[in-house]
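Got your viewer ready? Take a look around first, and then we can walk through a few stops together.

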Amino acid sequence: MSKVWFVTGAGRGMGVDIVQAALAAGHSVVATGRKAERVEQAVGRHKNLLAVALNITSPEAATAAAKTAVERFGRIDVLINNAANFYAGYFETLSAEQFRAQIETNLFGPLNVTRAILPVMRKQRSGQVITTTSLAGLVGQEFVAAYAASKFALEGWMESLHYDLAPYGISTMVVEPGFFRTELLVEGSSTVYPDVEIADYADRVKQTVSAWKGMHGKQGGDPKKLAQAIVTLSDSEKLPQRFVAGADAIAAVEQKLATVQAQIDATRKLSEHLSY
């Protein structure tokens, strides 16, 4: 059955692939980005496409975009929280302003959009909230302190949101991609590097930035295949609560699970004796 999708961050990268995959599957799509014309240019014109300008950090803009979507299509069935950016750097080399900006976009942005759309879904007693987090939302890594913080927060929010919304027929899923060939690592597009220069970190910053830049375009994951997988899962009507996306992500998460289990086992007796 044809659905109405609402996709953020649709002007570039993975967002474009998700919109195109949803349209190809016969769905209608409200595709949002900071500039509507850029979204339409990136996705291409389509009779079932509505491009809408949206800055996800603005609650008012999110409410207006949701209203526009309902006025055009009458409902919203699938929300894809996809828009994000990447403030790369060691914790001390990121300014307080950079860290706050990371959280503002990657956490409060999806919260703003979801808060604007949930009343529509509750009224329908149906809907799906799908949020792209990251492998960095489950596994901490070097040079991603702010990004991981924002994505770990999304994971906790979405896991709890599942229980809030289930009584109203609304399901949730987090998508946890590993490394995919998107624009995430393009400086000036999605990636911002550190503001603060600290001698102790200088060599490591230089080497890591060089490595990240060299990785662009060589990541193993195919974003078009991921977009199609998201459409397939949505259309199945049986959303898993999480979708670990990519062989590299699966391997890293399985290693994290094994590490956590080993840590539990190592201190099990001490922990169990903490109860009365």
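Below is a tour of one helix, the cores, some aromatic rings and the salt bridges.

Keep in mind as you go that this is a predicted model.

**Stop 1: helix 3**

Select residues 59-73, which make up helix 3. Put a distance between its end C-alpha atoms and you should get 21 Å, which agrees with the 21 Å expected for 15 residues at 1.5 Å a residue.

Now colour Ala62, Ala65, Ala66 and Ala69, which are buried. Turn the view to look down the axis of helix 3: its buried residues fall within an arc of 100°, so they line one face of the helix. An α-helix has 3.6 residues a turn, so residues three or four places apart point the same way. On the other side of helix 3, show Glu60, Lys67 and Glu71, which are exposed.

What covers the buried residues of helix 3? The cover includes strand 1 (4-7), strand 2 (28-33), strand 3 (49-53) and helix 4 (96-124). Before leaving, click on glycine 74, which follows helix 3 and has a positive phi, near 85°.

**Stop 2: the cores**

In soluble globular proteins, nonpolar side chains tend to be buried together. Here, the largest nonpolar core has 31 residues. Select Phe6, Val113, Ile117, Met121 and Val129 to see those with the most contacts inside this core. Two or more residues come from each of strand 1, strand 3, helix 3, helix 4, helix 5 (145-165) and strand 7 (170-177). Helix 4 gives the most, with nine residues.

Zoom in on methionine 121. Leaving aside its neighbours within four places in sequence, methionine 121 touches residues including Ile76, Val78, Leu79, Val129 and Ile170. Then hop over to a second, separate core of 30 residues, with Trp5, Ala10, Val19 and Ala245 among them.

**Stop 3: aromatic rings**

How many aromatic pairs are there to find? The count comes to four. Show phenylalanine 91 and phenylalanine 99: their ring centres are 5.9 Å apart and their planes sit at 85°, so this pair is edge-to-face. Switch on the surface and you'll find phenylalanine 91 exposed, at 55% relative accessible area, while phenylalanine 99 is partly exposed at 21%. Next, pick Tyr90, Phe143 and Tyr201, which form one aromatic cluster.

**Stop 4: salt bridges**

Side chains of opposite charge can pair when their charged atoms come close. This structure holds eight salt bridges.

Start with aspartate 17 and lysine 224, whose side chains meet at 3.1 Å, N to O. The two are 207 residues apart, with aspartate 17 in helix 1 (residues 13-24) and lysine 224 in helix 7 (residues 223-235). Is each partner buried or exposed? Aspartate 17 is buried, with a relative accessible area of 11%, whereas lysine 224 counts as exposed at 52%.

Next, find arginine 45 and glutamate 40, where the closest N and O atoms of the salt bridge are 3.4 Å apart. Arginine 45 is exposed at 72% relative accessible area, and glutamate 40 is partly exposed at 28%.

Then select arginine 204 and glutamate 142, a salt bridge of 3.2 Å, N to O. Arginine 204 lies in helix 6 (residues 199-215) and glutamate 142 in the loop between strand 6 (127-132) and helix 5, so the pair ties together parts 62 residues apart in sequence.

For the last selection, take Glu155, Glu159, Glu176 and Arg242, joined into one network by salt bridges that share partners.

Key:
Residues numbered from 1 in each chain as written. Predicted model: local features only at pLDDT ≥ 70, side-chain atom pairs only at ≥ 80, totals over all residues. Heavy atoms only, no water. Helix = DSSP H or I, 4+ residues; strand = E, 2+ residues; numbered from the N terminus. Expected span 1.5 Å × (residues − 1). Buried < 20%, exposed > 50% of the residue type's maximum accessible area, 1.4 Å probe, protein only. Arc of directions from axis to C-beta. Contact = heavy atoms within 4.5 Å. Core = buried A, V, L, I, M, F, W, Y, C linked by side-chain atoms within 4.5 Å. Phe/Tyr/Trp six-rings, centres within 6.5 Å; stacked < 30°, edge-to-face > 60°. Salt bridge = Lys/Arg side-chain N within 4 Å of Asp/Glu carboxyl O.
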